[in-house]
Amino acid sequence: MQQNRNMQALEWDDLDKTRFYPIGVLMKMSIRCTDYPAALIRTQLQVQRGNSLHKGTFDAFSKILRAEGVRGLYRGFMVNSFTVVSSQAHITTYMLVRKYVSQYTEDNTVKALVAGGSASLVAQSITVPIDVVSQQLMMQGQGAHLSRFQLNTNTQAGKRKVLFGQTRNIMSQIYAADGFRGFYRGYTASLITYIPNSAVWWPLYQFYAEQLSKLAPSDCPHLILQGIAGPLAAATASTVTNPMDVVRARVQVEGRSSVIETFRQLITEEGYRGLTKGLSARIIASTPAAVLTAVGYETLKKISLRPKQDDSTQR
């Protein structure tokens, strides 16, 4: 990343992929473990009608913790952990598209905008089926009217627990009802939500980091500035794209087919305040993830430098 304080831009060809990918997977799993409870709460808040389940983020947290313990905050986590694949696809696409766009412009904002949007398109193609299944698991026990599929507990009673048994149960119901297309329900809504989110996040991250570098003392470590810039970018992007995220969650969990009709019904039933549902949980979820993503992304690139490049950057 290029900044006024001579922060060197590290590009795709500078990286040792044998270090970049393994460390990246571990980093993504750490992020997912940290932000998953808030992601689960966000989904329940977005799908609920009015305040039928929870009054807010902290109310949801305390209710789930009292009723189900910590395990309740990680319902659906195992299947959702497969998003490590999409995260690696995201960062790979981002770096490759950034490299390609560099042939036509040196503007960091343009490179981040195009690369971020392209990366999200690729990542969502992998993430949406995982989200469709994990969100159904997140909503189990919250009322049959809020989720299209329910775990068939009767057929599992008295049987030995099978690895990913609940996941397989939900997946079989989705396939029986909708076929393979059912796993991509809400794909358009996800693209409308996350392509702008990613396309906005990366330029905002660059912008906030650059502005902070101008304001901070000259001896302030770059990683601190990046650790602040990440959450600022995430909060801004989350606020802008939250209305579509609410619509996306309802389309995927309730099995709706029309994004426009879902949007209209949301406005009719809950007014424009409904567009902010789950926003605080989304920002809370994005904050540690943004810190780890920003700091981790920059650190990961430095750790993964090729030996020749690593030697040349040390002063």
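**Exercise 1. Which exposed residues does the face of α2 turned away from its buried side carry?**

Before solving, a word on the model. This model is predicted, so local features need pLDDT of at least 70 and side-chain atom pairs count only at pLDDT 80 or more, while totals for chains, interfaces and linings use all residues. Residues are numbered from 1 along each chain as its sequence is written, and side-chain values use heavy atoms, with hydrogens and water left out.

*Step 1.* Find helix α2, residues 57-68. Helices here are DSSP runs of H or I with at least four residues, numbered from the N terminus.

*Step 2.* Pick out its buried residues: Thr 57, Ala 60 and Ile 64. Buried means under 20% relative accessible area and exposed means over 50%, with partly exposed in between (1.4 Å probe, protein chains only).

*Step 3.* Look down the axis: these buried residues cover an arc of only 60°, which puts them on the same side of α2. The arc is taken from the directions from the helix axis to the C-beta atoms.

*Step 4.* Turn to the opposite face, and you meet Phe 58 and Arg 66, both exposed.

**Exercise 2. Work out how the buried and exposed residues of α10 are arranged.**

*Step 1.* Start at the N-terminal end of α10, where Ser 258 acts as a cap: one of its side-chain oxygens lies 3.5 Å from the backbone nitrogen of Ile 260.

*Step 2.* List the buried residues of α10, namely Thr 262, Leu 266 and Glu 270. They fall within an arc of 40° seen down the axis, so they line one face of the helix.

*Step 3.* Recall a general rule: an α-helix has 3.6 residues a turn, so residues three or four places apart point the same way.

*Step 4.* Check the other side of α10, where Ile 260, Arg 264 and Thr 268 are exposed.

*Step 5.* Ask what covers the buried residues; α9 is included in that cover.

*Step 6.* Finish just after α10, where Gly 271 takes a positive phi of about 70°.

**Exercise 3. Describe the surroundings of Asp 245.**

*Step 1.* Locate Asp 245 in helix α9, residues 222-254.

*Step 2.* Judge its accessibility: Asp 245 is buried, with a relative accessible area of 0%.

*Step 3.* Collect its contacts (heavy atoms within 4.5 Å). Leaving aside neighbours within four places in sequence, Asp 245 is in contact with Arg 42, Gln 46, Thr 193, Tyr 194 and Arg 282.

*Step 4.* Look again at Tyr 194, whose side chain is joined to that of Asp 245 by a polar contact of 3.0 Å. A polar contact is a pair of N or O atoms within 3.5 Å; within protein, one must be able to donate a hydrogen and the other to accept it, and residues adjacent in sequence count only if both atoms are side-chain atoms.

Terms used. Helix = DSSP H or I, 4+ residues; strand = E, 2+ residues; numbered from the N terminus. Expected span 1.5 Å × (residues − 1).
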